[in-house]
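Me: I should like a close look at a single part of this structure, explained step by step for a first-year student.
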Amino acid sequence: PTDVKEDILSKYPPKVARKRAKQIMINEATGSDSPPEILANVRTIPGIITMRGCTYAGCKGVIMGPTRDIVNITHGPIGCGFYSWLTRRNQTDPGPDGANYMPYCFSTDMQDQDIIFGGEKKLAAAIQEAYDLLHPKGICVFATCPVGLIGDDIHAVSRKMKEKFGDCNVFAFSCEGYKGVSQSAGHHIANNQVFTHLVGEEQKEQDGEFKINLLGEYNIGGDGFEIDRIFKKCGITCLSTFSGNSSYDQFARAHHADLNLVMCHRSINYVADMMETKYGIPWFKVNFISAKSAAKSLRKIGEYFGNQKLIDRIEEVIAEEMKDVEAALAAHKPHTQGKTAMLFVGGSRAHHYQDLFTELGMKTLSAGYEFAHRDDYEGRRVIPELVPDADSRNIEEIEVSADPELYNPRKSPEQIKAMEDSGFEFKDYDGMNEQMGNGTIVIDDLNQYEAEKLVELYKPDIFCAGIKEKYSIQKNGVPMLQLHSYDYGGPFAGFKGAINFYKTVDRLVSSKVWSYTEAPWQKSPELTGTFVWE
Ligand code: CFM
Ligand code: HCA
């Protein structure tokens, strides 16, 4: 593998190679007391074709996109609104008469004259129009790059409209595309505003036993539906999901839960911390990707509540669900055993999905995140070591303290301590590197050139990434599975999702069709070019 790193870097100009060398790692984390550091959450080098998206995409598309009854208005030229319209395939179930604005694309459609003379009036008119037409519970406004450049005060406009309406919560996000180095900054901006303007609004006590929130689950391909099915079967009450299949009221009542479960820690771990500080709700990390991980997460919930009836019910559910899982593995594993995979996804899937490949007997040769931070690679314990830079300082950190009325620690410090002493982990997650094993290749912010190079050198049996990577990988003769949109299939979470995944992956790695593909440059070699650095 050391040669592979050299090989990849040799094509870069020296300055680029020096920076990329810190983001390409031959993994030595397993069993090590001082695992090597990786450079992450830093700017992409201009000119490189990154897999990343922008801060607006992370805020508007990822975090707020899946909420059905908030009108999301993109303040900007139409392209930003258009290209973030329904692209993430998050599903929603509004019920027979629930409001659902997700199929719509709301935008102020800024023109040249708005850029020159300012767009605040146009924004106020758009908010008014949305209110008159739909009377939603909430309206959210998202800044795109030009809005930040010309200085429209979207927060002042939103405040004014909120006061004017009296029965509609209007708030805004300074999530200009350039605000951070990736989508990750957008998650933070979105979550801060939801926490400030929405969580805690509903004062009424909530019914149900074993009340939890699921943070960081976005219902891609119906994953959240499958997890909800499992919760219901176990008798666990999910008050709110941030933000898959969510509604305004779910956020407003979230502080009534007795436990926060964190699924995608990259996009939301700080919300769990803020809710613990403000309301006294403990949190821990869960993972519902892979049957074993789902079972482990459910057992941990049972242990947290310490209720024998719940614990027994969870065991019954796991036993029942695992019958089908084992039957599916018996059918598919003989075809997948020993095969190899590569995974490059945004923030947590490149890690979570390795559990599914392990269940299939497959080995992950190389993996990495588009925009994760060092803790996602090396584990949460490195957070105190992270040094803020100019880009991360650009993202507001909000001050949170215990709510004078609503703070109510669900477990006393002594109870938490006793649980921790017996091995129960709160507020923690492991990094990807340690699980992957030594000698594997971990790459942060992979780019188009490196993706093709990895495929050429290793010919993995399957490559997982997003839409931008899909077709070049297939043209290189390797089956490709989108782990963002699931190629419009799924769900892949929970027990039924795991079965679906086994079937999908078996079909892909067992098919010979990709090895017959001939890319245009194989037929006509004059189409290949070599870049020579002088
Ligand atoms: Fe979390 Fe996500 Fe992901 Fe993410 Fe994303 Fe996504 Fe993703 Mo695409 S919140 S970090 S910003 S699990 S949209 S639902 S699939 S890159 S790995
Ligand atoms: C985003 C959304 C995205 C893109 C997926 C892809 C998603 O990052 O803005 O590149 O295929 O999951 O839809 O991550």
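Which residues are around ligand 2? Please describe their setting as well.

Reply: This is a predicted model, and the description below should be read in that light. The residues around ligand 2 are A57, R88, Q183, G466, I467, K468, Q482 and H484.

Three of these residues may be examined through their distances to oxygen atoms of the ligand. In Q183, an N or O atom of the side chain is 2.7 Å from an oxygen atom of ligand 2. For I467, it is a backbone N or O atom that lies 2.7 Å from an oxygen atom of ligand 2. H484 uses its side chain, where a polar atom lies 2.9 Å from an oxygen atom of ligand 2.

I467 also leads to the secondary structure, since helix α21 comprises residues 467-475. The sheet concerned is open and has six strands in the order β1-β12-β11-β10-β13-β14, with mixed pairing. Its edge strands are β1 (24-26) and β14 (480-482), each of which pairs on one side only. From one strand to the next, the twist averages 15 degrees. Helix α21 packs on this sheet and touches β13 and β14, its direction making about 170 degrees with that of β14. Strand β13 (residues 462-465) runs parallel to β14 and is joined to it by three bridges. Within this pair, F463 stands opposite M480 in β14.

Finally, R88 and H484 also belong to the surroundings of ligand 1, where they are among the residues that come nearest, together with H187, C264 and G347. The shell around ligand 1 consists of six nonpolar, six polar and two charged residues. Domain 1 (1-36 + 329-379 + 431-534) and domain 2 (55-197) both contribute to this shell, so ligand 1 lies between them.

Terms used
Residues numbered from 1 in each chain as written. Chains lettered and ligands numbered in written order. Predicted model: local features only at pLDDT ≥ 70, side-chain atom pairs only at ≥ 80, totals over all residues. Heavy atoms only, no water. Pairing = 2+ DSSP bridges. Helix = DSSP H or I, 4+ residues; strand = E, 2+ residues; numbered from the N terminus. Axes fitted to C-alpha atoms, helices over the stretch in contact; angles between N-to-C directions. Contact = heavy atoms within 4.5 Å. Near = heavy atom within 4 Å. Nonpolar A, V, L, I, M, F, W, Y, C, P; charged D, E, K, R; others polar. Domains from an automatic or database assignment. Polar contact = N/O pair within 3.5 Å; in protein donor to acceptor, adjacent residues only side chain to side chain.
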